[in-house]
Amino acid sequence: MCGIVGYTGINNATPILLEGLDTLAYRGYDSAGIAVWDGENIVMKKEKGQLSNLKAILEREPVTGCCGIGHTRWATHGEPSYINSHPHGDAKKQLVLVHNGIIENYVRIKSMLMDRGCVFVSDTDTEVVAQLLGDVYNGDPIKAIVEAMKLIEGSFALAILFRDDPHRIYCVCKDSPMVVGFGRDGAHIASDIPAMLSYTRDVTFMGDKQIAVLSPDGIAFYNEFGTPIDKGCSHIDWDLDAAKKGSYEHFMMKEICEEPVAFRKTAEQYVSFREPRLKADCFPWDADNCAELKRIRIIGCGTAYHAGLLGKKYFTELAKIPVEAEIASEFRYSGYTFEEGEALLLVSQSGETADTIAALRMAKQAGVRTIAVCNVIGSTIAREADEVLFTYAGPEIAVAATKSYLTQITVLFLAALRLGEIRGTISGERVKALLSELTSIPEHMQKLIDDREAIQYFASREFSAKHVFFIGRGIDNALSMEAALKLKEVSYIHSDAYAAGELKHGTIALIEEGTLVVGLITQRHLASKTASNLEEVRVRGATVLALTNGSMPDIAGHCNKVWELDEMNELTAPFCAIIPMQLFAYYMAVQKGCNVDKPRNLAKSVTVE
Ligand code: F6R
């Protein structure tokens, strides 16, 4: 939520800030703003709405200077408006800042400051921090930050310009990501790595309550008490073009098209395909620990939770171990008491999702072992989990998760396979057979992507649908949940997933003439059951689309349309089955004229509760 950028160096900051904000626009797009030291003043420009609005203002009223900060907002406190846009300053005009996060005790601090005569202009919690910093500032920025930090509660990433020290950017964060890096021509700060990839690949992830001071010639770090500290850096080898749209109209389509490569890259990290065999780090525990493992609890939010639901099926089937998959925001307040022998497996693309981090910390406090499935090296979850199984999706810019989901389910499948191998719940032959299946998956995926026109055509006929239901059993139920989320988040069409067998217990009452029902049938042994459910909705007027694993002639009679996957193993079919569902969501959204990469009200990285 919210994107922050900053630059100080020898070049004009404004284009660098705008380029960074462009890259971070997936984090929020309610408003955008910058503040730049122009040699005499800190000049602020901000505007409600997309970044293009701010760019238009800057074209009319250019701002030039070598030090500046920028922000793209996802509104939490105060409606999206000019007045609530960042940057915010203090009444004495000593500083301006941008903020990501939520200040939980802002009401108390605001009334304390108002009692002292401070006048507020916005409704934001951010202005409270600016006014508080202004109140405690007496010429020493680090001291003021340390003092203010003692009073504020909640999550924050702040980039601050002090009028007295206009060539430096002061940054501090807690429970909100911030990355700094030093490039050829100066120092950079951003909420996420892609925003600085064109300037440097050696980045430092700021830890909680650490302070960074960026100057044109270097970066200094301090702890929460203002004492200097040393921090190392991580090298990021993401391809620069991976964070650019290239010739694609939308990032979402580009990222779907990247899935065969993302799948291959991820699988190759954990599988040696020559033999074939699983590499040991696929489930990074020794045999004794694996034998002692009694239960796995998989935690995630949104798409990552849906990946966890599929992971549950994989671990149950392959490692014969009890597994629960839970939504992080529910789990953290469930009062759950961890049991002996339990492990928590956290799934997160960004590694910065607030609720997932909270679940991770609960487990760590209880002494429970944690494993993360994560896409971002150096992110909070990657740093704090005991073990990390990285996904190799590369940067995902579209708000809707596509290739990250694919790589998450790939890793979960391989981890379950490895755990089963260690625990002896699966034969070596079956492991080999399943691994051999994987080699042809990218080809099957590519075929689906190459043939996407059929999906586009179907979407062009169905995009006025008001309700779409996805049904399936077992693995297909888990897949349906992700398919329904994808459709609703990008096209704003109401869509839901139901276990096919549950329809008769209430939901079928929603079916009326023309309702679109999509049946996912990748598990052949359940095909006839789901086919009966499709027939039940068809005779009640529904338009029925089925996605089948290979040819299933018996299904066709119950459907208006069938999309066939190449026939493959039921456990590996989801890697391909999700692609037509993502493409369908994409084309429905494009047909409706929706902002596919930045759906309304959403932001990519949910760093607040
Ligand atoms: C949906 C989507 C979200 C994320 C969720 C978790 O397309 O992207 O539902 O999956 O916010 O994010 P991460 O995986 O970063 O923890």
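This report walks through the sheets, a covered strand and some surface spots of a predicted model.

## The eight-stranded sheet

Let's start with an open sheet of 8 strands, whose order is E3-E2-E4-E1-E10-E9-E11-E15 and whose pairing is antiparallel. At its edges you will find strand E3 (42–48) and strand E15 (234–235), each of which pairs on one side only. In general, the strands of a sheet pair through backbone hydrogen bonds, either parallel or antiparallel.

Within this sheet, 7 bridges link strand E2 (residues 31–37) with strand E4 (residues 67–73) in the antiparallel sense. If you want a pair to look for on screen, Ser31 has Arg73 in E4 as its bridge partner.

## Strand E10 and its two neighbours

Strand E10 covers residues 186–190, and 5 of its 5 residues are buried, so the strand is mostly covered. Strand E1 (residues 3–9) pairs with E10 over 5 bridges in the antiparallel sense, and here Thr8 has Ala187 in E10 as its bridge partner.

Strand E9 (residues 179–183) also pairs with E10 in the antiparallel sense, over 5 bridges. Val180 stands opposite Ile189 of E10. The connection from E9 to E10 is a hairpin through 2 residues.

## The seven-stranded sheet

A further open sheet has 7 strands in the order E5-E6-E7-E8-E12-E13-E14, again with antiparallel pairing. Its edges are E5 and strand E14 (228–229); each has a single partner strand, so one side of each is left without a neighbour in the sheet.

Inside this sheet, strand E7 (residues 154–162) and strand E8 (residues 169–174) run antiparallel and are joined by 5 bridges. Ala157 stands opposite Cys173 in E8.

## Strand E20, covered on both faces

Strand E20 (residues 342–348) is largely enclosed by the rest of the structure, because 7 of its 7 residues are buried. On one side lie Glu342, Leu344, Leu346 and Ser348, and on the other Ala343, Leu345 and Val347; all are buried, which leaves both faces covered.

The pairing of E20 is parallel with strand E18 (residues 295–300), over 5 bridges, and parallel with strand E21 (residues 369–374), over 6 bridges. Leu346 is a handy residue to follow here: it is the bridge partner of Ile299, and it stands opposite Ala372 in E21.

## Patches on the surface

Now to the outside of the model. A patch of negative charge on the surface gathers Asp286, Asp288, Glu292 and Glu340. One of these, Glu292, sits in helix H8 (residues 287–292). Glu292 counts as exposed because its relative accessible area is 51%, and the cut-off for exposed is over 50%.

There is also a nonpolar surface patch, formed by Tyr82, Ile83 and Val121, with about 300 Å² of accessible area together. Ile83 belongs to the loop between E4 and strand E5 (88–89). With a relative accessibility of 42%, Ile83 counts as partly exposed.

## A buried loop residue

Is Ser122 buried or exposed? Ser122 lies in the loop between helix H3 (106–115) and helix H4 (125–136). Its relative accessible area is 4%, so Ser122 counts as buried, the cut-off being under 20%.

Ser122 and Pro62 are 60 residues apart along the chain, and 25 Å separates their C-alpha atoms.

Definitions and conventions: Residues numbered from 1 in each chain as written. Predicted model: local features only at pLDDT ≥ 70, side-chain atom pairs only at ≥ 80, totals over all residues. Heavy atoms only, no water. Patch = residues over 30% accessible without salt bridge, like charges linked within 9 Å, V, L, I, M, F, W, Y side chains within 5 Å. Areas by Shrake-Rupley, 256 points an atom, 1.4 Å probe, with all protein chains shown as cover. Salt bridge = Lys/Arg side-chain N within 4 Å of Asp/Glu carboxyl O. Lys, Arg positive; Asp, Glu negative; His and termini not counted. Charge placed at Lys NZ, Arg CZ, Asp CG, Glu CD. Helix = DSSP H or I, 4+ residues; strand = E, 2+ residues; numbered from the N terminus. Buried < 20%, exposed > 50% of the residue type's maximum accessible area, 1.4 Å probe, protein only. Pairing = 2+ DSSP bridges.
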